[in-house]
Amino acid sequence: MKNVTKQQVKDQLGRPLRDIRISVIDRCNFRCQYCMPAELFGPDYAFLPKSELLTYEEITRLASIFIKLGVEKIRLTGGEPLLRKDLPILVEMLSKINGLKDIALTTNGVLLPKYASQLKEAGLERINISLDSLNDELFGEINGRNVGVGPVLQGIEAAKGAGLRIKINMVVKKGLNDSEIIQMATYCKEQNLELRFIEYMDVGSTNGWMMEDVVTKQQIYEILKEHFEFEPVEAAYYGEVAKRYRYKGTDINFGFITSVSESFCSTCTRARLSANGQIFTCLFNGNGHNIRDFIRSGATDQDVEERIKGIWNHRSDRYSDERTEETRIARKKIEMSYIGG
Ligand code: SAM
Ligand code: SF4
Ligand code: SF4
């Protein structure tokens, strides 16, 4: 990928714009309890009609403008991004943009046997696959669709076979899958996969989040300490979200995403683009900035660039730094399946 002259826009807290998460679809083939509980996302749930979704051309156009403003990394997400028709075509379009350094995808993995090779050929380098348990029954209960672990493990194999770099995401919720921490760590270590323990977050307003359900980094750390020897790894770059460790005597890492117990807002360089073209400057925003209608009304690239610059310049979000029971309840927040984590 070629270099390009970039501007460095900064927000109110001096944070540059470096990465963007693009949700390509709000639908999903799972109903994970902590994200899209089946009781609330039932058969009558009104998902976005196709006309409201950004087209691949619109996504690529916006991505090029974001890259001019300093973005280096793109992560595609959802809903379940592999449910969007012909996703490898989007990957190919994005990977051709000058100045983009990294393109990744987060998926539940079920459709990877079908798409992993095409994604790699299209230019995808990295993939995060979500897996919260190795126990079929428990996993089926968590994903709300009674899907066992097999399809995800096959997805992991397909991603490996295609030569993608893989990380595994495990959301840990107290009393649900905290008993699975050691099994998951052992499996990932044996398979040479980087595991990320994600603290259960109060995203959206449908998952019934309570602080008591969070298993913190420190608690997971203590559990792991009893079984493994490991050492901290330096952050690889400014704004790296995961706090990483390496199993001693190996080059296998694992990490923690500590949104609740150790917030990282001061170095948050991430914008989010929802499937229907709203820009969110924080995972915990209630409303986004409607860039879709702006581009559909005939705005030039220069106009769009100025609009995005203005949005970023005004940004002062630091929700996790400020989280209290009051702010949590008072805040209207967008659902995770809408903007993709
Ligand atoms: N469907 C894809 C998947 O599950 O990987 C991509 C979208 S999903 C919203 C992105 C990531 O957010 C997943 O790793 C998922 O486990 C995580 N996630 C969803 N709800 C969460 C919550 N309440 N707290 C922490 N992580 C959550
Ligand atoms: Fe779907 Fe991913 Fe949310 Fe699970 S976490 S319901 S797989 S979008
Ligand atoms: Fe970034 Fe908002 Fe998360 Fe803070 S709470 S790290 S500003 S997304």
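**Notebook: ligand 1 and the annotated sites**

I started at the ligand and found a polar side-chain atom of Asn169 lying 3.0 Å from an oxygen atom of ligand 1. I should say at once that I am working with a predicted model.

Next I looked for backbone partners. Tyr34 places a backbone N or O atom 3.0 Å from a nitrogen atom of ligand 1. Met201 also takes part, with a polar backbone atom 2.9 Å from a nitrogen atom of ligand 1. I then checked how much of the ligand is covered: on its own ligand 1 exposes 540 Å², and the protein buries 94% of that.

Which elements give two or more residues to the shell around ligand 1? I noted S3, strand S5 (165–172) and strand S6 (194–199). I counted 20 residues around ligand 1, with Tyr34, Gly79, Ser130, Asn169 and Met201 as the closest. By character, the shell divides into eight nonpolar, ten polar and two charged residues.

**Entry on the cysteines**

I turned to the UniProt record, an unreviewed entry, where a "binding site" annotation covers Cys28, Cys32 and Cys35. I looked up two of these residues, Cys32 and Cys35.

Cys32 sits in the loop between strand S1 (19–23) and helix H1 (56–68). Is Cys32 buried or exposed? I put it down as buried, because its relative accessible area is 15% and the cut-off for buried is under 20%. Setting aside residues up to four places away in sequence, I found Cys32 touching Pro37, Ile142 and Asn143.

Cys35 is also in the loop between S1 and H1. Its relative accessible area is 17%, so I marked Cys35 as buried. With residues up to four places away in sequence left out, Cys35 touches Phe41, Thr206, Asn207, Glu335, Met336 and Ser337.

**Entry on helix H4**

Two of the residues that Cys32 touches, Ile142 and Asn143, sent me to helix H4 (residues 136–143). Its buried residues are Leu138, Phe139, Gly140, Ile142 and Asn143. What do the buried residues of H4 pack against? I traced them to helix H5 (150–161).

I looked at both ends of H4 too. At the start, a side-chain oxygen of Asn135 comes to within 2.9 Å of the backbone nitrogen of Glu137. Just after the helix, Gly144 takes a positive phi of about 70°.

**Entry on the other annotated residues**

Back in the unreviewed UniProt entry, I found "binding site" listed for Arg21, Arg75, Thr106, Lys167, Arg270, Ala271 and Arg272. I picked Thr106 and Arg272 from that list.

Thr106 belongs to strand S3 (residues 102–107), and S3 is among the elements I had noted for the ligand shell. I recorded Thr106 as buried because its relative accessibility is 14%. Beyond its neighbours within four places in sequence, Thr106 is in contact with Arg75, Leu76, Thr77, Pro81, Asn128, Ser130 and Asn169. Ser130 and Asn169 had already turned up in my notes among the closest residues to ligand 1.

Which side chain makes a polar contact with the side chain of Thr106? I found that of Arg75, at 3.0 Å, and Arg75 is itself on the UniProt list.

Last, I checked Arg272, which lies in strand S10 (residues 270–273). Its relative accessible area is 5%, so Arg272 went into my notes as buried.

Conventions
Residues are numbered from 1 along each chain as its sequence is written. Chains are lettered from A and ligands numbered from 1 in the order in which they are written. This is a predicted model: local features need pLDDT of at least 70, side-chain atom pairs count only at pLDDT 80 or more; totals for chains, interfaces and linings use all residues. Side-chain values use heavy atoms; hydrogens and water are left out. UniProt positions are given in the numbering used here, feature names are shortened, and annotations may be inferred rather than shown by experiment. Helices (H or I, at least four residues) and strands (E, at least two) are DSSP runs, numbered from the N terminus. Buried means under 20% relative accessible area, exposed over 50%, partly exposed in between (1.4 Å probe, protein chains only). Contact means heavy atoms within 4.5 Å. A polar contact is a pair of N or O atoms within 3.5 Å; within protein, one must be able to donate a hydrogen and the other to accept it, and residues adjacent in sequence count only if both atoms are side-chain atoms. A residue is near a molecule or strand if one of its heavy atoms lies within 4 Å of it. Accessible areas come from the Shrake-Rupley method with a 1.4 Å probe; for residues, only the protein chains shown count as cover. Ala, Val, Leu, Ile, Met, Phe, Trp, Tyr, Cys and Pro count as nonpolar, Asp, Glu, Lys and Arg as charged, and the others, Gly among them, as polar.
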